Structures are given as structure tokens and as C-alpha cells.
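Biologist: I have a chain on my screen and a few questions about it. Can we go through them one at a time?

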Amino acid sequence: MGDQVYRVRINYTEPSFAQRLGDESRVFSWTYRIQASSQTHAEDYAQTLFHRRATQSSVGWIREIVGLDTEHVGPAEVGT
């Protein structure tokens, strides 16, 4: 089986920011469309992209992953 396409939504919180606002319940998400050989590889790569994006952000608070939602979209197109 060749590469597949997955949509990985990373759900995260911002605990220090939430503590400052007094709202601990808010959950945010970023979604990635990943081409990978397996769901596990897609989730690992999405988390790598998430951490890279969080590190490059100019905000001073920490982002903590609280869950992943992964959907198999289908086979990758030939030549991609």
C-alpha cells in the first residue's frame, strides 16, 4: 500500500494564558493534511509541525496537546 492522506486535528490548551484569564476550559485546534505511509506516521509528523509552529510563535505561553483526531482521507495522488 502506498502513501495515504490523513487529516490530523491537534487539540491543545494554553494553560498559562488560561490561568491568567481564569478560563481553564478553552481548547484550541490546528488541523494538518498529511501524506504518510501510516496513521501513526501522519500523527507523529503533525505533532512535529505543531511543535515547530508553536516554537516559532511570538507568544510567551506554552501550548499543551490534549488530543488528536485523525481521519483517513484516501490514497495519495500519484506523483505527489
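Modeller: One definition before we start: two strands pair if DSSP finds at least two bridges between them. Also keep in mind that this is a predicted model.

Biologist: Which pattern does the protein chain follow, read along the sequence?

Modeller: Count the elements to begin with. The secondary structure comes to two helices and three strands. Read along the sequence, helices and strands follow the pattern β-α-β-α-β.

Biologist: Over how many bridges do β1 and β2 pair?

Modeller: Strand β1 covers residues 4-13. One place to look is R9, which stands opposite T31 in β2. The two strands pair in the antiparallel sense, and the number of bridges is nine.

Biologist: What is the order of the strands in the open sheet?

Modeller: Begin at the edges. Strands β2 (28-36) and β3 (64-75) each pair on one side only. That leaves β1 between them, with antiparallel pairing, and the order is β2-β1-β3.

Biologist: By what angle are neighbouring strands of this sheet turned against each other on average?

Modeller: Direction is ignored for this value. The sheet in question is the open one of three strands. Its neighbouring strands are turned on average by 20°.

Biologist: At about what angle does helix α2 run to β2?

Modeller: Helix α2 spans residues 39-56. This helix lies across β1, β2 and β3. Its angle to β2 is about 130°.

Biologist: Is T55 buried or exposed?

Modeller: T55 lies in helix α2. Its side chain reaches the backbone oxygen of H51 at 2.8 Å. The relative accessible area of T55 is 67%, and the cut-off is over 50%, so T55 is exposed.

Biologist: Why is S57 classed as partly exposed?

Modeller: S57 sits in the loop between α2 and β3. Buried would need a value under 20%, and exposed a value over 50%. S57 falls in between because its relative accessible area is 22%.

Biologist: Which side chain does the side chain of S57 join in a polar contact of 3.5 Å?

Modeller: Start from the loop between α2 and β3, the place of S57. The contact is between two side chains. The partner of S57 is R63.

Biologist: What percentage of the contacts between residues at least 6 apart join residues at least 24 apart?

Modeller: The chain has 80 residues, and buried ones make up 28% of them. For contacts, take the pairs at least 6 apart in sequence. The share joining residues at least 24 apart is 69%.

Note on methods:
Residues numbered from 1 in each chain as written. Predicted model: local features only at pLDDT ≥ 70, side-chain atom pairs only at ≥ 80, totals over all residues. Heavy atoms only, no water. Helix = DSSP H or I, 4+ residues; strand = E, 2+ residues; numbered from the N terminus. Axes fitted to C-alpha atoms, helices over the stretch in contact; angles between N-to-C directions. Contact = heavy atoms within 4.5 Å. Buried < 20%, exposed > 50% of the residue type's maximum accessible area, 1.4 Å probe, protein only. Polar contact = N/O pair within 3.5 Å; in protein donor to acceptor, adjacent residues only side chain to side chain.
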